[in-house]
Amino acid sequence: MSEKFVFDKTSPDANKYTELDKFLQLTERFSKMNLGPMKLANKVGSKFGLFKHSKPYSALQRTLKIVEADGIEEVYDDLMHSERIQRSDIFIGKKYLFRQGNYMIRMKDVERCYVMDEKTGDDRLYYCYVDVSDEAGSERLEVRKLSALTVQRQQQFDMINVPIEKAKQSQ
């Protein structure tokens, strides 16, 4: 895995890596483990086998692998032209879904997008989830909390699911 992602300040694309890193807060979150940015890139980026099934590192692994495969230009351009889903931390581009401060995924890698409910006492909470399978592995990711009202919940779900389905069909 390339050590240039986010951490090589001398790269001509350093500003693009930095913007993506700030948006996803990768360095901020993973540096809390007393790893400097370069050590983190070396440890995770070059030794993926050690963390292959470790959920805390999946956001970093997935981002590194997507940028390596697709290129920073494509990812950065999609992030800059993405649209925010109303009242959420989700941004949807043409190819990628970004959850601010968390992760990014290729929409074509989404196997399923669905609503799950969780009963807590007398309340019922609803969440949009995606099952993703890509070069970083398979994982279920929470995309966002949804409204308890049926009509609003369906609208919120469609704002996420429709672009995903369109991206999958265009592949």
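**Figure 1. L97 and I105 face each other across the hairpin of β3 and β4.** In this predicted model, L97 stands opposite I105 of strand β4, and the two strands concerned, β3 (residues 96-99) and β4, pair in the antiparallel sense over four bridges. The hairpin that β3 and β4 make has three residues between the strands, and in it G101 takes a positive phi near 75 degrees. Strand β4 (residues 103-106) is covered on both faces, since Y103 and I105 on one side are buried, and M104 and R106 on the other side are buried as well. L97 appears again in the largest nonpolar core, where it is among the residues that touch the most other members.

**Figure 2. Helix α1 is mostly covered by its surroundings.** Of the eleven residues of α1, eight are buried, namely A14, K16, Y17, T18, L20, D21, F23 and L24. These buried residues pack against three helices, α2 (26-30), α5 and α6 (72-80), and against the strands β2, β3 and β4. For a student tracing the helix, it may help to recall that an α-helix has 3.6 residues a turn, so residues three or four places apart point the same way. Just after α1, the chain reaches Q25, which takes a positive phi of about 60 degrees.

**Figure 3. F23 and F91 meet edge-to-face within an aromatic cluster.** A search of the whole structure finds five aromatic pairs. One of them is made by F23 and F91, whose rings are arranged edge-to-face, with 5.0 Å centre to centre and 80 degrees between the planes. This pair links distant parts of the chain, with F23 in helix α1 (residues 14-24) and F91 in strand β2 (residues 90-92), 68 residues apart. Both F23 and F91 are buried, and together with Y96 and F98 they form one aromatic cluster.

**Figure 4. The largest nonpolar core draws on several parts of the chain.** This core has 39 residues, and those that touch the most other members are L20, L97, F98 and V130. Helix α5 (residues 58-70) gives the most to the core, with five residues. What does V130 contact when its neighbours within four places in sequence are left aside? The residues in contact with V130 are then I105, V110, R112, C113, Y114, E139, R140, L141, V143 and I164.

**Figure 5. Strands β5, β6 and β7 are joined by two hairpins.** Strands β5 and β6 pair in the antiparallel sense over ten bridges, and at one place along this pairing T120 stands opposite D123 in β6. Their hairpin has two residues between the strands, and within it G121 takes a positive phi near 65 degrees. Strand β6 is also joined to strand β7 (residues 137-146), by nine bridges, and these two strands again run antiparallel. The hairpin of β6 and β7 has two residues between them, and the bridge partner of D131 in β7 is R140.

**Figure 6. Y114 and Y129 stack, and an arginine lies over each ring.** The aromatic pair of Y114 and Y129 is stacked, with 6.2 Å centre to centre and 20 degrees between the planes. The pair links distant parts of the chain, with Y114 in strand β5 (residues 110-120) and Y129 in strand β6 (residues 123-134), 15 residues apart. Y114 counts as buried because its relative accessible area is 10%, and Y129 likewise because its relative accessible area is 17%. The charged end of R112 sits over the ring of Y114, 3.7 Å from its centre, while R140 lies over the face of Y129, at 5.6 Å from the ring centre.

**Figure 7. C113 and C128 are neighbours without a disulfide.** A disulfide is a covalent bond between the sulfur atoms of two cysteines. The structure holds zero disulfides, and for C113 the nearest cysteine sulfur, that of C128, is 3.7 Å away. Why is there no bond between C113 and C128? The two sulfurs are 3.7 Å apart and therefore too far for a bond, given that a disulfide requires sulfur atoms within 2.5 Å. C113 is buried, with a relative accessible area of 11%, and C128 also counts as buried because its relative accessibility is 0%.

Terms used: Residues are numbered from 1 along each chain as its sequence is written. This is a predicted model: local features need pLDDT of at least 70, side-chain atom pairs count only at pLDDT 80 or more; totals for chains, interfaces and linings use all residues. Side-chain values use heavy atoms; hydrogens and water are left out. Rings of Phe, Tyr and Trp (its six-membered ring) pair if their centres lie within 6.5 Å; planes under 30 degrees apart count as stacked, over 60 as edge-to-face and the rest as tilted. Buried means under 20% relative accessible area, exposed over 50%, partly exposed in between (1.4 Å probe, protein chains only). A charge sits over a ring if NZ of Lys or CZ of Arg is within 6 Å of the ring centre and within 35 degrees of the ring normal. A nonpolar core is a set of buried Ala, Val, Leu, Ile, Met, Phe, Trp, Tyr and Cys residues joined through side-chain atoms within 4.5 Å. Contact means heavy atoms within 4.5 Å. Two strands pair if DSSP finds at least two bridges between them.
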